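Trainee: I have not worked with this structure before. Could we go through it together, one topic at a time?

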Amino acid sequence: MKTWACINQKGGVGKTTSVVSLAGHLSKTGQRLLLIDLDPHGSLSSYMGYNPDEMETGIYSLFSEPTSNPADVARLLLPTPIENTYLFAASTALATLDRQIGSEQGAGKGLVVAKAIEAVADKFAYGLIDCPPMLGILMINALAACDQLLIPAQTDYLTLTGLERMMHTLEMVEKSLHKKTPYMIVPTMYDVRTRACQEALHKMKETYRYNVWGSVIPIDTRFRDASKRGVPLPTVAPYARGSLAYKKLLNFLLGIQDGKHGAEERQQTA
Ligand SMILES: Nc1ncnc2c1ncn2[C@@H]1O[C@H](COP(=O)(O)OP(=O)(O)O)[C@@H](O)[C@H]1O
Ligand SMILES: [Mg+2]
């Protein structure tokens, strides 16, 4: 099982949309997918039809009663409207985790999610983690559990400042975890008609070079409509430009996994 995480400390940049859209495409391959919602807001869980205010099981129970017993972990899996796809749901209670765990042994809880994923890894081909927009025990768990990081970043100036902070956080956490995970910045909500977007994309590439995906996710209002309906855009409108862009991203990620592209090529696909 390969696990990818969408991460960025800024909210509203397309993390949840990226998880759902990649899942929409991947699920069509017939392989089984696991979605993991580590955001206390529970947007991914809501998208999949669950109310994070009412969730009794899911990620939170992994922290209150840690287990790596495959049968116990499998009981937390919930079906989703996406075929072949299951969910570890978030609950609003996740917001209290950092306070509860506090300074006592925060590091000791860093592998809770990784261990749970490991326990059911033989059932799934891919895991997709939706990360919280703040540094804390959940973000640390996400970083410990994934093989590839995607950093969706809106193509505007404010996001660029946030991106710097994100990269700093990433470095800090990776140091403490003794782990280096490959990452790729994915420019999102790109509006080719606006100069601000073009300039922000240019700056992003200038600063982060080969770590920026060579293509973009364009702005597409249909993402919002799809989320209201609780379905991935690629499922209902596979040829919408947003869907096509995520298809391209997925193919690229699958290529990385097969060792097909070197860093230079990421830029050349622009
Ligand atoms: N490429 C896009 N074009 C237009 N709207 C988008 C796009 N990506 C995401 N959105 C919308 O922007 C909002 C924030 O996206 P979301 O994925 O929830 O961000 P995050 O998870 O980073 O907070 C949502 O309403 C979503 O439907
Ligand atoms: Mg989100």
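Trainee: How many aromatic pairs does the structure hold?

Mentor: This is a predicted model, and the structure holds three aromatic pairs. In one of them, the ring centres of Phe223 and Tyr246 are 5.7 Å apart and the planes stand at 90°, so the pair is edge-to-face.

Trainee: Which parts of the chain does that pair link?

Mentor: The pair links distant parts of the chain. Phe223 belongs to helix H10 (residues 222-229) and Tyr246 to helix H12 (residues 241-257), with their positions 23 residues apart.

Trainee: Are Phe223 and Tyr246 buried or exposed?

Mentor: Phe223 is buried, and Tyr246 is buried too.

Trainee: Which charged residues lie over the face of a ring?

Mentor: Arg32 lies over the face of Phe124, at 5.1 Å from the ring centre. Arg209 is placed over the face of Tyr210, where the distance to the ring centre is 5.7 Å.

Trainee: Let me stay with Arg209. Where does Arg209 lie?

Mentor: Arg209 is in the loop between H9 and H10. The residue is partly exposed, with a relative accessible area of 48%. The backbone deserves a look as well: Arg209 has a positive phi of about 40°, although Arg209 is not a glycine.

Trainee: What is phi of His178 near?

Mentor: Phi of His178 is near 55°, which is again a positive value in a residue other than glycine. His178 sits in the loop between helix H8 (157-177) and strand E7 (183-188).

Trainee: Is His178 buried or exposed?

Mentor: His178 is exposed, as its relative accessible area is 74%.

Trainee: New topic, then. How many salt bridges does the structure hold?

Mentor: The structure holds five salt bridges. Side chains of opposite charge can pair when their charged atoms come close. Among the five is a salt bridge between Arg193 and Asp191, at 3.1 Å from N to O.

Trainee: Why does Arg193 count as exposed?

Mentor: Arg193 counts as exposed because its relative accessibility is 69%, and the cut-off for that class is over 50%. Its partner Asp191 is buried, with a relative accessible area of 14%.

Trainee: Which residue forms a salt bridge with Glu199?

Mentor: Glu199 forms a salt bridge with Arg195, and their closest N and O atoms are 3.0 Å apart.

Trainee: And why are Glu199 and Arg195 separated by about one helical turn?

Mentor: They are separated by about one helical turn because Glu199 and Arg195 are four residues apart in helix H9 (residues 195-208). Glu199 is partly exposed at 36% relative accessibility, whereas Arg195 is exposed at 63%.

Trainee: Which residue does Lys203 meet in a salt bridge?

Mentor: Lys203 meets Glu206, with 3.9 Å from N to O. Both residues lie in helix H9, three residues apart, which is about one turn of the helix. Lys203 is partly exposed at 35% relative accessibility, and Glu206 is partly exposed with a relative accessible area of 46%.

Trainee: What about cysteines? How many disulfides does a search of the whole structure find?

Mentor: The search finds zero disulfides in the whole structure. Cys131 is in no disulfide, and the nearest cysteine sulfur to it, that of Cys146, is 7.1 Å away. Likewise, Cys146 is in no disulfide, its nearest cysteine sulfur being that of Cys131.

Trainee: Why does that distance rule out a disulfide?

Mentor: The sulfurs of Cys131 and Cys146 are 7.1 Å apart, and a disulfide needs them within 2.5 Å, so the pair does not qualify. Cys131 is buried, with a relative accessible area of 0%, and Cys146 is buried at 2%.

Trainee: One last topic: helix H1. How many residues does H1 have?

Mentor: Helix H1 (residues 15-27) has 13 residues. From its first C-alpha to its last, H1 reaches 18 Å, close to the 18 Å expected at 1.5 Å a residue.

Trainee: Why is H1 largely enclosed by the rest of the structure?

Mentor: H1 is described that way because twelve of its 13 residues are buried. The buried residues of H1 include Lys15, Val19, Leu22, His25 and Ser27.

Definitions and conventions:
Residues are numbered from 1 along each chain as its sequence is written. Chains are lettered from A and ligands numbered from 1 in the order in which they are written. This is a predicted model: local features need pLDDT of at least 70, side-chain atom pairs count only at pLDDT 80 or more; totals for chains, interfaces and linings use all residues. Side-chain values use heavy atoms; hydrogens and water are left out. A salt bridge is a side-chain nitrogen of Lys or Arg within 4 Å of a carboxyl oxygen of Asp or Glu. Buried means under 20% relative accessible area, exposed over 50%, partly exposed in between (1.4 Å probe, protein chains only). Helices (H or I, at least four residues) and strands (E, at least two) are DSSP runs, numbered from the N terminus. Rings of Phe, Tyr and Trp (its six-membered ring) pair if their centres lie within 6.5 Å; planes under 30 degrees apart count as stacked, over 60 as edge-to-face and the rest as tilted. A charge sits over a ring if NZ of Lys or CZ of Arg is within 6 Å of the ring centre and within 35 degrees of the ring normal. The expected span of a helix is 1.5 Å times one less than its number of residues.
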